[in-house]
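Please open the model in your viewer and keep the sequence panel beside it. The tour goes from the whole chain to single elements.

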Amino acid sequence: RRELGNRFDVLLPQMPNPMNAKYDEWKILFKKIAPLLNNHVILIGHSLGGVFLAKYLSENNFPKRIKATLLVAPPYNRDEGRPLVEFVLPSSLKKFVKQAGKIFIYHSKNDPIVDFKELSKYKKALPDAQIKIFKNRGHFSGGNFPEIIKDIKELK
């Protein structure tokens with residue numbers, strides 16, 4: 001948060017039940033948070049949070065203008081080798097593209113949780129997304145992420 005400086009306010013909601021995530025529970029919380037955000041918001045979703053944003057913005061109207069959506073290590077339809085059930089994406093992501101602003105996807109080749117093959121599905125569904133591939137960042141579960149800070153600061 002400090003790395004972004006004073007130009008940005010950071011809200012980091014804790015989604016309900018992360019170990020037994022339910023899409024409808026996350027959707028309820030997100031709908032409560034959304035009106036509190038400013039226009040030109042930048043949304044960031046990590047792992048299941050990334051596929052949640054893609055699904056939510058594909059199926060719902062977001063009340064604010066989104067500057068960018070950043071998906072970090074998002075599963076597409078499989079997580080830890082298992083099919084996503086409640087978080088399954090719709091067949092078309094057109095509404096997501098229309099609302100999401102500039103789309104970035106970050107994935108590491110050595111992610112032990114979300115198979116790197118999931119990225120190819122996003123590439124096909126979102127051909128205009130900015131794809132950022134890393135070799136040894138695992139599931140981006142800790143430490144600094146200077147590349148994402150740089151991308152956020154460079155958004156116009």
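The stops below say what to select and what is there.

**The whole chain**

Start with everything shown; this is a predicted model. Along the principal axes, the C-alpha atoms of the protein fill a box of roughly 40 × 30 × 30 Å. The radius of gyration is 15 Å, which agrees with the value near 15 Å that a compact globule of 156 residues would have.

Switch to a cartoon view. The protein has 5 helices and 6 strands. Read from the N terminus, their order is α-β-α-β-β-β-α-β-α-β-α.

**The sheet**

Which strands make up the open sheet, and in what order? Colour β1, β2, β5 and β6: the sheet has 4 strands, lined up as β1-β2-β5-β6, and the pairing is parallel. Select 41-46 for β1 and 130-134 for β6; these are the edge strands, and each pairs on one side only. Looking across the sheet, you will find a twist that averages 15° from one strand to the next.

Strands of a sheet pair through backbone hydrogen bonds. Now add residues 66-72, which are strand β2; β1 and β2 run parallel and are joined by 6 bridges. For one position in this pair, pick Leu43, which stands opposite Thr69 in β2.

**Helix α2 on the sheet**

Next select residues 48-59, helix α2. This helix packs on the sheet and touches β1 and β2. The direction of α2 makes about 130° with that of β1. Keep β1, α2 and β2 on screen together: they make a right-handed β-α-β unit.

**Where α1 meets α2**

Add residues 23-33, helix α1. How far apart are the axes of α1 and α2? They are 11 Å apart, and the helices pack at an angle of about 70°. The two are therefore roughly perpendicular to each other.

Show side chains for the contact. From α1, select Tyr23, Trp26, Lys27, Phe30 and Lys31; they meet Leu48, Gly49, Phe52, Leu53, Lys55, Tyr56 and Glu59 in α2. Coloured by class, this contact of α1 with α2 shows 7 nonpolar, 1 polar and 4 charged residues.

Conventions: Residues are numbered from 1 along each chain as its sequence is written. This is a predicted model: local features need pLDDT of at least 70, side-chain atom pairs count only at pLDDT 80 or more; totals for chains, interfaces and linings use all residues. Side-chain values use heavy atoms; hydrogens and water are left out. Two strands pair if DSSP finds at least two bridges between them. Axes are lines fitted to C-alpha atoms, for helices over the stretch in contact, and angles run from 0 to 180 degrees between N-to-C directions. Contact means heavy atoms within 4.5 Å. Angles under 35 degrees count as roughly parallel, over 145 as roughly antiparallel, 65 to 115 as roughly perpendicular and the rest as oblique. Ala, Val, Leu, Ile, Met, Phe, Trp, Tyr, Cys and Pro count as nonpolar, Asp, Glu, Lys and Arg as charged, and the others, Gly among them, as polar. A crossover is right-handed if, with the strands pointing away from the viewer, the path from the first strand over the helix to the second runs clockwise. The radius of gyration is taken over C-alpha atoms; the globule rule is 2.2 Å times the number of residues to the power 0.38.
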